[in-house]
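Biologist: Could you pick one part of this model and take me through it up close? I'd like to hear what sits around it, and then how the rest of the chain ties in.

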Amino acid sequence: MPHLLELLDARIPAWERASLARRNCPLCQSEGDERYVRPDQLHIRHCSVCDCYFISPSPTAGELSTLYSNYYSHHRGSEFQQYNNDPVLLREMFALDPQSDLRARTLSSLVRFEGKRVLDAGFGMGQNLLLMKKLGADVAGIDLDPDAVEFAHNVLHIENVRQADIMTLSNTGAYDLITLHDVIEHPLDPMNVLNKAKSLLSPDGLLSIWTPNASFVNREPQPVAFRVDLEHMQYLTSKACHYIADSLNMTIVYLNAHGFPKLESIQRLSEGKGGTGKQMLRSLVRSFPGFVQVNTLRKRFAQRNAQSGDYHLFCVLKNRVSTRGSVDGLAIDSHSSIRYTVAK
């Protein structure tokens, strides 16, 4: 019997039950066995071949496309409106030091950003674009949500952003780095997306994946990763990352687990809070002189703390050219010098 999971994230998509379709493991096409029932009543299966957890039966690709085409304006509308309407939050975004951000700091240790061509696929609120631009990269971004594109272009002043699906891009070999951060858990055919991303990389390019970590769900009676962000269609583990690397004929140059779920943020998004007393008080405090500087330092400390925890998988891949190579001047050994804190 599958394990029933309790409600945690109240943002439950209104899936068309009559359209749900059975699918096999999206990485290796094995059938898998049923393990959990999510709070949205979708079933999670586990693949013993590649260790991927996946939703089956699943919504259709068309239904998911509709969800993501207005993801930030509807599904995460309260967060999106807050950034649109709060100049202090925007000043904090612009003030953030790239070296205080775990992902930017790690990637900058693997590639010298200055002058490099970077594609952020599914850039969302655009913070990664801002950070990589600060590091000197020539950044481009695509997202399915036109409101996210408008925000990045008009508010964050990122010029090269557009509404597009990565599968429609034709500039093969154009990018030195492609980031799929909080992306690969969404599409019904993630291997198709990964193969497409690889085709867009230069020969020495890097592919960066940041996604919820299902490596340790057996430790939890009620796994948090399966109870929040209920639009996710699959969940990777460290073993699944190795399967992906082998399938793509790529080498893992970084694999680690980091961070904690933002449960307070999820609760606020779930409740869709508007002008509550707490928010009014928060707005008053944020208006004090020096608040941005102090809060930016606080966020830098929090980002440093994100090194601990194991909620997200952070996996960086490069083309497999030899057992030993280098990534833009940094020597990488395909076995001994890869940094692992999750089980292989």
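Modeller: Let's start at Tyr53, bearing in mind that this is a predicted model. Setting aside neighbours within four places in sequence, Tyr53 is in contact with Arg35, Tyr36, Ile44, Arg45, His46, Ala214, Val217, Asn218, Phe226, Gln234, Tyr235 and Thr237. Tyr53 belongs to the largest nonpolar core, a set of 53 residues, and together with Phe113, Phe226 and Val316 it touches the most other members. Helix 7 (residues 146-155) is the top contributor to this core, giving four residues. Apart from that core lies another one of 40 residues, with Cys28, Met191, Leu207 and Cys315 among them.

Now for Arg38, in the loop between strand 2 (33-37) and strand 3 (43-46). Ile44, Phe226 and Tyr235 turn up among the contacts of both Tyr53 and Arg38. Beyond those, Arg38 touches Leu5, Trp15, Ile55, Leu230, His232 and Met233, again not counting residues up to four places away. Is Arg38 buried or exposed? With a relative accessible area of 0%, Arg38 counts as buried, because the cut-off for that is under 20%. So what does its side chain reach in there? One partner is the backbone oxygen of Leu230, at 2.6 Å, and another is the backbone oxygen of His232, at 2.7 Å.

Asp229, the residue before Leu230 in number, takes us to the charge pairs. The side chains of Arg11 and Asp229 form a salt bridge, at 3.0 Å from N to O. Its two ends come from distant parts of the chain, 218 residues apart: Arg11 is in the loop between strand 1 (3-4) and strand 2, and Asp229 in the loop between strand 9 and strand 10 (234-235). Both Arg11 and Asp229 are buried.

The loop that holds Asp229 also holds Arg219, which has a salt bridge with Asp310, where the closest N and O atoms are 3.7 Å apart. This pair spans 91 residues, since Asp310 is in the loop between helix 12 (291-305) and strand 12. Arg219 counts as exposed at 61% relative accessibility, whereas Asp310 is partly exposed at 32%. As for shared partners, salt bridges join Asp9, Arg11 and Asp229 into one network. One further pair is Arg22 with Glu31, at 3.2 Å between the closest N and O atoms, and Arg22 is partly exposed at 48%. The count comes to eight salt bridges.

Strand 12 also helps to frame helix 9 (residues 238-248). The buried residues of helix 9 are Ser238, Ala240, Cys241, Ile244, Ala245 and Leu248. They cover an arc of only 155 degrees around the axis, so they end up on the same side of helix 9. These buried residues pack against helix 8 (190-199), strand 9 (201-212), strand 11 (250-258) and strand 12 (312-319). Right after helix 9 comes Asn249, with a positive phi near 55 degrees.

Last stop, Gly173, in the loop between strand 7 (161-163) and strand 8 (175-181). Gly173 and Leu200 are 27 residues apart in sequence, yet their C-alpha atoms are 4.4 Å apart in space. Leaving out residues up to four places away, Gly173 touches Arg117, Ser199, Leu200, Leu201 and Ser202. Gly173 is partly exposed, at 27%.

Definitions and conventions
Residues are numbered from 1 along each chain as its sequence is written. This is a predicted model: local features need pLDDT of at least 70, side-chain atom pairs count only at pLDDT 80 or more; totals for chains, interfaces and linings use all residues. Side-chain values use heavy atoms; hydrogens and water are left out. Buried means under 20% relative accessible area, exposed over 50%, partly exposed in between (1.4 Å probe, protein chains only). Contact means heavy atoms within 4.5 Å. The arc is that of the directions from the helix axis to the C-beta atoms. A polar contact is a pair of N or O atoms within 3.5 Å; within protein, one must be able to donate a hydrogen and the other to accept it, and residues adjacent in sequence count only if both atoms are side-chain atoms. A nonpolar core is a set of buried Ala, Val, Leu, Ile, Met, Phe, Trp, Tyr and Cys residues joined through side-chain atoms within 4.5 Å. A salt bridge is a side-chain nitrogen of Lys or Arg within 4 Å of a carboxyl oxygen of Asp or Glu.
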